[in-house]
Amino acid sequence: MRNEENPFVVTGYIKPEYFCDRKAESERLTKLLLNDNNIVLKSDRRMGKTGLIQYCFDNPVVSGNYYTFFIDILHTTCLQELVHELGRAVYEQTMPRGKKMAQRFMKALRSLNGKFGFDAVAGTPTFSVGLGDIEQPEYTLDEIFGYLQQADRPCIVAIDEFQQIGHYPEKNIEALLRGHIQKLANCHFIFAGSERHMLELMFEKRSRPFYKSADNMDLDAIPREVYVNFIRDKLSEKGRRIETEVAEKVYDMFEGHTYYVQKTMNEAFFNTASGEECTLETVLYSLQAVLAGNESIYRDYLSKLTLRQKTLLYAIAHDGWAKQITSSAFIKRHKLASASSVQAAIRKLMEEELVVEENKRYRISDRFFGLWIRRTFFTSLPTY
C-alpha cells in the first residue's frame, strides 16, 4: 500500500512546497493586505484562488499579525445562509486561538443567546447553530462584524464566490454589506469570485454600493514554462521522470487551468512508480480514469437538456472556443436550427453554468466535461 505524499494537490490545504509559483501574485496580494486594503480577486473557477489566499494567510508576516478567516458562499442562496456561514467560519477559526476568544464571540452574538451547544468531553462550546436559529440575519451580521471590530488584532476576511450575493432574493444586500464594511477599521476583506462580469459590475459601476471600494487583481493561468518546470521538479523530487514535451501537452490540453492540470498529474503520479517515467501513455491512461469516474455525472447533465441545447453544447465542445455562434456559418457548420434557437439555448447553458463566455467566445466550463464530449461524440478529433 502506497502512502507516499502526492505533490499535485487538488483538495484541502496545500503545503508551501507544493504551491506552484504565483510569486508575483502572492507578493502583490500580501502587500495589499499589509497596507490594509480591500481586494477583489477575479479568476476562472478552480484557477487557484483559494490556494493563493491560504498561501498568503500562512505567510508569517500575515499570520503573525492578523486574524484571518475564509468562507466560500457559492452554495448560499440568501442573507440568512451567508450570515450562518460567516458565523460558523469565524467561530471555528477562533476556537484554536483559545477558549477566551470563543467565549467572547458567543457573548457578542446576543441574538443567538442560548443557541450554542457544549462538548462535555472537550469542555468547550460548539457552534451548533442551525439556519433556523438565525431569525434576524441583519442583526446577527452586525454582531459578527462588531466582534471582529473589537478583536485584539486586525482581521482579514476572505469571501470566495462573492458574486453569489447578486443572486440573493433580498434587494439590499450590497448596500447592507457595504454599509457595515466601510465602518470597520479593524477588518479588511478579499472579495474573490469567478463570475468576472458580475464582479466588475459590483465594483466598477458608479451606481453600485461597492464602486471603487477595493483594489483589483486578476488571476490568470500560471505561465507555461513555470508550470512545466514545476511538474518536472516535483516528479524528480519523488524519484520519477517526465519529458518536457509530455508536461507541455498536459498544460496545453487545459490551457494551463490549474485544477485540471493538477488533477491529471495527481492521477498520473499515482500511476507512475518510483524510479519510472511518467510517459504520455501514462498521462492519457490517467486522464481516461478521471473521465470514466465522472461519466455518470456528465450523462446526467445531458439528460436534463433539450435536443437543441445539447446540439449547441456539442458544437461548442467541438470547437473548444466557439465564436460568432449565431452566425449563419456557425449554424450551418454544426447543423443548428436557427439564430433564435441558439440564443435561447446559450442562455440556458450559461444559466446552468455548463458554458462560460469570455470576450464573446464560449467554452464548456468544466474542461473535463468538454474533453469527455469530444472523446464520446467526436472520436475523430484529437484530444491531446
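**Figure 1. Phe 70 stands opposite Ala 158 of strand S5 in this predicted model.** The two residues belong to a strand pair: S2, residues 67-72, runs parallel to S5, and six bridges link them. S5 also pairs with strand S6 (residues 187-193), again in the parallel sense, over five bridges. In that second pairing Ile 156 has His 188 of S6 opposite it. Between S5 and S6 the chain passes through helix H7, residues 173-181, and the resulting β-α-β crossover is right-handed.

**Figure 2. Strand S5 and the burial of its residues.** S5 covers residues 155-160, and six of the six are buried, so the strand is largely enclosed by the rest of the structure. In a regular strand, side chains alternate between the two faces of the sheet. Here Cys 155, Val 157 and Ile 159 point one way, while Ile 156, Ala 158 and Asp 160 point the other way. Residues of both sets are buried, Asp 160 included.

**Figure 3. The open sheet of five strands has the order S2-S5-S6-S1-S7.** Its pairing is parallel. S2 and strand S7 (215-218) form the edges, each pairing on one side only. On average, neighbouring strands of this sheet are turned by 15° against each other, direction ignored. At the S7 end, strand S1 (residues 39-42) pairs with S7 in the parallel sense over four bridges. Leu 41 has Met 217 in S7 as its bridge partner.

**Figure 4. Surroundings of Ile 134, a loop residue between strand S4 and helix H6.** S4 spans 124-126 and H6 spans 137-149. Is Ile 134 buried or exposed? With a relative accessible area of 2%, Ile 134 lies under the 20% cut-off and so counts as buried. Leaving aside residues up to four places away in sequence, Ile 134 touches Gln 80, Val 83, His 84, Leu 112, Val 129 and Thr 140. For Gln 80, the separation from Ile 134 is 54 residues in sequence, against a C-alpha to C-alpha distance of 6.7 Å.

**Figure 5. An open sheet of three strands, ordered S8-S10-S9, has antiparallel pairing.** Strand S8 (322-323) and strand S9 (355-358) each have a single partner strand, so one side of each is left without a neighbour in the sheet. S9 and strand S10 (residues 361-364) are joined in the antiparallel sense by four bridges. Within this pair, Glu 358 stands opposite Arg 361 in S10. Helix H13, residues 307-319, packs on the sheet and touches S8, S9 and S10. The direction of H13 makes about 100° with that of S10. Helix H15, residues 339-351, lies across S9 and S10 and runs at about 105° to S9.

**Figure 6. Two salt bridges within helices, Glu 27 with Lys 23 and Arg 88 with Glu 92.** The structure holds 24 salt bridges. In helix H1 (residues 23-34), Glu 27 and Lys 23 are four residues apart, about one turn of the helix. Their closest N and O atoms are 2.8 Å apart. Glu 27 is partly exposed at 46% relative accessibility, and Lys 23 is exposed at 52%. In helix H4 (residues 79-94), Arg 88 and Glu 92 are likewise four residues apart, about one turn of the helix. The closest N and O atoms of this second pair are 3.6 Å apart. Arg 88, at 29% relative accessibility, counts as partly exposed; Glu 92 is partly exposed as well, with a relative accessible area of 44%.

**Figure 7. A salt bridge between Glu 204 and Lys 212, and a network of salt bridges.** The side chains of Glu 204 and Lys 212 meet with an N to O distance of 2.8 Å. Glu 204 is partly exposed, having a relative accessible area of 38%, whereas Lys 212 is exposed at 52% relative accessibility. Which residues are joined into one network by salt bridges that share partners? They are Lys 42, Asp 44, Arg 196, Asp 218, Asp 220 and Arg 363.

Terms used: Residues are numbered from 1 along each chain as its sequence is written. This is a predicted model: local features need pLDDT of at least 70, side-chain atom pairs count only at pLDDT 80 or more; totals for chains, interfaces and linings use all residues. Side-chain values use heavy atoms; hydrogens and water are left out. Buried means under 20% relative accessible area, exposed over 50%, partly exposed in between (1.4 Å probe, protein chains only). Two strands pair if DSSP finds at least two bridges between them. A crossover is right-handed if, with the strands pointing away from the viewer, the path from the first strand over the helix to the second runs clockwise. Axes are lines fitted to C-alpha atoms, for helices over the stretch in contact, and angles run from 0 to 180 degrees between N-to-C directions. Contact means heavy atoms within 4.5 Å. A salt bridge is a side-chain nitrogen of Lys or Arg within 4 Å of a carboxyl oxygen of Asp or Glu.
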